Amino acid sequence: MNTFCIRSQGGMNSGNKVLEESLGIKMKKTDNFFLIHNFNTVPEELLSYCRDYLVVDASTDERIPGLMEEKGIRFIQVENTGHNITTYFDFFGEQFDTLPQVMCICKGNMLGRHCSREYFDRVYDNRYFTYLYEDRESRARFAKKGSCGRGQDLPLSDISSLVSECQYIEENTSWYVDSPNHPHRYFDDFDELLRFIYKDPVIPRYCLFSPGACYILRREQVRKHSPAFYRNLNKLMNYGLDPSFPSEAHMIERMLPVIFEASYEENEWMQDEAAFDRKLTEREAVMQKKELEKGRRFRRLRRMLGWGE
């Protein structure tokens, strides 16, 4: 069954005129297709930029679908996995043969959270790979030491920085795996997952990515991989919310530029869903053994410190 069927009635541009009139917007609309993962918001402002779009709604607020229908917004509803990347990969897999030429993949709350409207105004019509991220307020924290121009150095980030206004880099430490809000089942290390997906990849000291996982990309970049590849990766990110999305989704978020731009050879199981499932079973056993050993080391340390069991 095709998940990405159209729920609202009307043609491909149905609802845009209603939105324009309600917002009083007159601007050049891009031909770039907007694929919007939406959660508990009505993404009217984003839709003012494009002629064609699909809103994939994972809202837990029961009012949102009705509000979007009232405004003539075309959308489908999906189960909330806690992360927008699963929406992208589902779309890539199901629409693989009919993908739009250029896609803006983004979140309904991107403007004001992951980038400013001023920045988006400059890039929304780009026809090439574009990072949809900007954090002007944090530039001093990410700047080169001594470059703030304020007479004294400000506290700098220890693990992250900016390469440009939209390119964020972060030391590759897999720090997020230790968060109790983001459990892991198959991988607890970015490097291990990268090697699981690709043969002989470069293991980076830093990850260059767009926080929030919002980009403009071309169809050819998506088609570097198969539908099975995207379906398999989603299995790493949609196994539950306990209490929030898995740490593996954080890893894939940091890996997206590699997925869309690198030319590594994939491991054979990435093209075979049954083989991938068998590999996941193996990975789950590896992780269980790791956690058991970690628990044993912790208990030994407690005894050495005289803290008891």
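**Exercise 1.** In which sense do S6 and strand S7 (residues 168-171) pair, and over how many bridges?

*Solution.* In this predicted model, S6 and S7 pair in the antiparallel sense, and they do so over three bridges. To place one residue within this pairing, start from Leu162, whose bridge partner in S7 is Tyr168.

**Exercise 2.** Work out which strands stand at the edges of the sheet, and why one side of each is left without a neighbour.

*Solution.* Begin with the order of the strands, which is S6-S7-S8 in an open sheet of three strands with antiparallel pairing. Strand S6 (160-162) and strand S8 (206-209) each have a single partner strand, so they stand at the edges and one side of each has no neighbour in the sheet. As a further step, consider the turn between neighbouring strands of this sheet, which is 25 degrees on average when direction is ignored.

**Exercise 3.** Describe how helix H4 (residues 85-94) and helix H10 (residues 247-261) pack, and then place H10 against the strands.

*Solution.* Two packed helices are described by the angle between their axes and the distance between the axes. For H4 and H10 the angle is about 45 degrees, and the axes are 11 Å apart, which means that H4 is oblique to H10. Next, list the residues that meet: Ile85, Phe89 and Phe92 come from H4, while Ala249, Ile252, Glu253, Leu256, Ile259 and Phe260 come from H10. Sorted by class, this contact of H4 with H10 has eight nonpolar residues, one charged residue and no polar ones. Finally, turn to the sheet, where H10 lies across S7 and S8 and runs at about 75 degrees to S8.

Note on methods. Residues numbered from 1 in each chain as written. Predicted model: local features only at pLDDT ≥ 70, side-chain atom pairs only at ≥ 80, totals over all residues. Heavy atoms only, no water. Axes fitted to C-alpha atoms, helices over the stretch in contact; angles between N-to-C directions. Helix = DSSP H or I, 4+ residues; strand = E, 2+ residues; numbered from the N terminus. Parallel < 35°, antiparallel > 145°, perpendicular 65-115°, else oblique. Contact = heavy atoms within 4.5 Å. Nonpolar A, V, L, I, M, F, W, Y, C, P; charged D, E, K, R; others polar. Pairing = 2+ DSSP bridges.
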